[in-house]
Amino acid sequence: METLEALRRKIDSAKDLRSVVKTMKALAAVNIQHFREAVTSLAEYYRAVEMGLHVALRSRPEGSRLSEPPKDRRLGAVIIGSDQGMVGQFNEQLAHYALDEMNGFGVGRQDRAALAVGTRLLGPLEDAGQPVDDVFPVPVSVAGITPTAQDILLRIDEWHSELGLDRVVLFYNRPISSTTYRPHSVQILPVNPRWLQELARKPWPGRTLPAFRVEWNRLFSALIRQYLLVSVYRAVVESLASENQSRVAAMQAAEKNIEDRLHELNRRYHLQRQDSITEELLDIVGGFEALGGVA
């Protein structure tokens, strides 16, 4: 039977762990708000890029191509997971989804180049037989998202120049409500020509179309580059929001388990203390009787 001191130490340890869990849950909730604000602020920048593309497309020279079709069936996959734990099945679900989607494209594993953002994706991907060419760290704050997105674009450039890959898909977890998320994918290269055509047909909100002096191909390439940066940035920030949602859910479950454990430990402590007091009283009564009662 455990002593009262041993039970008290377990109760104190459980309380300390509960305090850590509550702190982690609070930090995750704050991070979610920061990443949601980043998504909101990104919308204005995306709209500016769209308007720039609109102007360029309305002034497109005859014979210029909007988007080149893929030259082969090879694929570049950017899979965005997490570096930290306490996120439930966040990485496992995403890895399975990405592999199922890539298999559905009809692209063999030997014809894929995979970049993992987050070290905890390595295990699930490699266990499923998908080699990973490189691993990037996940940014820990909003300020780190832009450098990460730029590094991803540089790697995509390397795929294009060194491997001839011109088809790239992003895989990441995307929030669908304030508490839930699901795996999502978006092809960023080649750019969807139908989207560009629909964008060109939209009416311009002002009375006159803005003019530009930059050579058209140079302007269009720069705007597409910004579109790619925005797409990657959004994927990273939505993945981070989903990761923290998953962490909040995991911390809530852990907090409940700790509360249940504390309740059980306190119950055992009080029973043990009651038994100890009872034994002391019985010893006193027994000693009193052994002395022959009251003189």
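Here are a few notes on a predicted model, starting with its strands and ending with one helix.

1. Start with strand 2, which covers residues 112–117. Is it mostly covered or not? It is: 6 of its 6 residues are buried. Look at which way the side chains go: Arg-112, Ala-114 and Ala-116 point one way, while Ala-113, Leu-115 and Val-117 point the other way, and all are buried.

2. Now check the neighbours. Strand 1 (residues 75–80) pairs with strand 2 in the parallel sense, over 6 bridges. Strand 3 (residues 134–136) also runs parallel to strand 2, joined to it by 3 bridges. Ala-116 is a handy residue to click on: its bridge partner in strand 1 is Ile-79, and its bridge partner in strand 3 is Val-135.

3. How does the chain get from strand 2 to strand 3? It crosses through helix 3 (residues 122–127), and this β-α-β crossover is right-handed. Strand 1, helix 2 (residues 90–104) and strand 2 make a right-handed β-α-β unit as well.

4. Next, helix 5, residues 193–201. Which of its residues are buried? They are Trp-195, Leu-196 and Leu-199. These three cover an arc of only 100° around the axis, so they sit on the same side of helix 5. As a reminder, an α-helix has 3.6 residues a turn, so residues three or four places apart point the same way. On the other side of helix 5, Arg-194 and Arg-201 are exposed.

5. Last, see how helix 5 begins. Asn-192 caps its N-terminal end, with a side-chain oxygen 3.0 Å from the backbone nitrogen of Arg-194.

Definitions and conventions
Residues are numbered from 1 along each chain as its sequence is written. This is a predicted model: local features need pLDDT of at least 70, side-chain atom pairs count only at pLDDT 80 or more; totals for chains, interfaces and linings use all residues. Side-chain values use heavy atoms; hydrogens and water are left out. Buried means under 20% relative accessible area, exposed over 50%, partly exposed in between (1.4 Å probe, protein chains only). Helices (H or I, at least four residues) and strands (E, at least two) are DSSP runs, numbered from the N terminus. The arc is that of the directions from the helix axis to the C-beta atoms. A polar contact is a pair of N or O atoms within 3.5 Å; within protein, one must be able to donate a hydrogen and the other to accept it, and residues adjacent in sequence count only if both atoms are side-chain atoms. Two strands pair if DSSP finds at least two bridges between them. A crossover is right-handed if, with the strands pointing away from the viewer, the path from the first strand over the helix to the second runs clockwise.
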